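User: I am new to this structure and would like a close look at a single part of it, together with whatever surrounds that part. Please take your time and explain how each piece is connected to the next.

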Amino acid sequence: MRIEEGWLEGVRRVPSPNQDARPEGEVSAVVLHSISLPPGQFGGEHIERLFTNTLDASAHPFFSGIAQLRVSAHLLIRRDGECVQFVSFDRRAWHAGRSCWIDGGRARRALNDFTVGIELEGDEIHAYRDAQYRALAAVTKTLNVNYPDMNFARITSHARVAPLRKSDPGPAFDWAYFRQCLKALKNGE
């Protein structure tokens with residue numbers, strides 16, 4: 001995998017209007033999220049429609065409460081490992097909301113300013129798929145090569161940066177297995 005001008009080469013692009021300039025240009029951490037639309041259902045176009053402000057509020061009862069949201073992520077990793085990029089890594093995606101993270105001993109707020117938001121198609125109940133872990137490991141390795149301030153210690157979850165509001169990617173996400181995938185990639189396996 002390679003990044004060219006903030007975009008992963010060879011992945012499908014679905015540009016989101018829900019993005020803007022990073023105030024400092026810093027790209028140094030990753031926030032992992034989970035998403036399924038409608039909740040607990042996988043596949044389909046609803047996530048892409050949410051991130052592009054084209055979600056039909058009448059398509060499902062749950063959508064009436066979220067169709068007006070203006071949110072995005074840099075990347076979505078679908079259940080089969082397909083990556084869909086919505087925002088250049090050099091731009092600010094709107095994914096973390098009100099958030100705080102202890103970074104080098106200091107509290108930092110407004111994590112969208114310096115993080116990459118990666119959505120995993122899933123929820124807090126269903127196990128994530130091997131293809132997703134492998135794609136996430138490959139993306140993480142590529143991000144680290146292009147943004148040297150980023151490393152495994154700088155990968156966190158939405159639950160950790162907004163604990164009173166969010167719980168994703170939840171207990172279904174296997175951090176130990178993700179580390180194994182990263183290690184295997186590093187060792188050329």
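Analyst: A residue is called buried here if its relative accessible area is under 20%, exposed if that area is over 50%, and partly exposed in between. The model is a predicted one, and the cut-off of 20% returns several times in what follows.

The part I have chosen is strand S11, which covers residues 115-121. S11 belongs to an open sheet of 6 strands, whose order is S3-S7-S6-S11-S5-S12 and whose pairing is mixed. The edges of this sheet are strand S3 (12-13) and strand S12 (155-157), each of which pairs on one side only. S11 itself stands between S6 and S5 in that order, and the two neighbours can be taken in turn.

Toward S6 (residues 75-77), S11 is joined by 3 bridges, and the two strands run parallel. Within this pairing, Ile77 has Leu120 of S11 as its bridge partner. Toward S5, there are 7 bridges, and here too the strands run parallel; on this side, Glu119 of S11 has His33 opposite it.

How many of the residues of S11 are buried? The count is 7 of the 7, so the strand is largely enclosed by the rest of the structure. The burial applies to both faces, since Thr115, Gly117, Glu119 and Glu121 are buried on one side, while Val116, Ile118 and Leu120 are buried on the other.

One element that lies across this region is helix H2 (residues 130-146), which crosses strand S5 (29-35), S6, strand S7 (83-85), S11 and S12, and which runs at about 170° to S11. Thr142 is a residue of H2, and it counts as buried because its relative accessible area is 6%. Leaving out residues up to four places away in sequence, Thr142 touches Met1, Arg2, Ile3 and Leu8, so that this position in the helix is in contact with residues numbered from the beginning of the chain.

Between S11 and H2 the chain passes through a loop, and Asp123 has its place there. With a relative accessibility of 11%, Asp123 is counted as buried. Apart from its neighbours within four places in sequence, Asp123 is in contact with Ser34, Ser36, Gly40, Phe42, Tyr128, Pro169 and Ala172. Tyr177, which is 54 residues away along the chain, has its C-alpha atom 17 Å from that of Asp123.

Charged side chains add further links around the strand. Side chains of opposite charge can pair when their charged atoms come close. The model has 14 salt bridges by the rule used here, and Glu121, on S11, takes part in a network of them that also links Arg12, Glu48, Arg78 and Glu82. Inside this network, Arg78 and Glu48 meet in a salt bridge with an N to O distance of 3.2 Å. Arg78 lies in the loop between S6 and S7 and Glu48 in helix H1 (residues 46-51), so their pairing ties together parts that are 30 residues apart in sequence. Arg78 and Glu48 are each buried.

Another group of charged residues includes Asp103, which forms a salt bridge with Arg154 at 2.5 Å, N to O. Asp103 belongs to strand S9 (residues 100-103) and Arg154 to the loop between H2 and S12, so this pair ties together parts that are 51 residues apart in sequence. Both of these residues are buried. Arg108 also forms a salt bridge with Asp103, its closest N and O atoms being 2.9 Å apart, and Arg108 is buried at a relative accessible area of 13%.

Finally, what of the cysteines in the strands nearby? Cys83 has a relative accessibility of 7% and is therefore buried, whereas Cys100, at 24%, is partly exposed. Cys83 is in no disulfide, for the nearest cysteine sulfur, that of Cys181, is 13 Å away, and the count of disulfides in the model is 0.

As for records, an unreviewed UniProt entry lists residues 16-170 as "domain: N-acetylmuramoyl-L-alanine amidase". Across residues 16-170 the chain is 17% helix and 24% strand, and the C-alpha atoms at the two ends are 25 Å apart.

Notes:
Predicted model: local features only at pLDDT ≥ 70, side-chain atom pairs only at ≥ 80, totals over all residues. Heavy atoms only, no water. Pairing = 2+ DSSP bridges. Helix = DSSP H or I, 4+ residues; strand = E, 2+ residues; numbered from the N terminus. Contact = heavy atoms within 4.5 Å. Axes fitted to C-alpha atoms, helices over the stretch in contact; angles between N-to-C directions. Disulfide = S-S within 2.5 Å. Buried < 20%, exposed > 50% of the residue type's maximum accessible area, 1.4 Å probe, protein only. UniProt positions renumbered as here; feature names shortened; annotations may be inferred. Salt bridge = Lys/Arg side-chain N within 4 Å of Asp/Glu carboxyl O.
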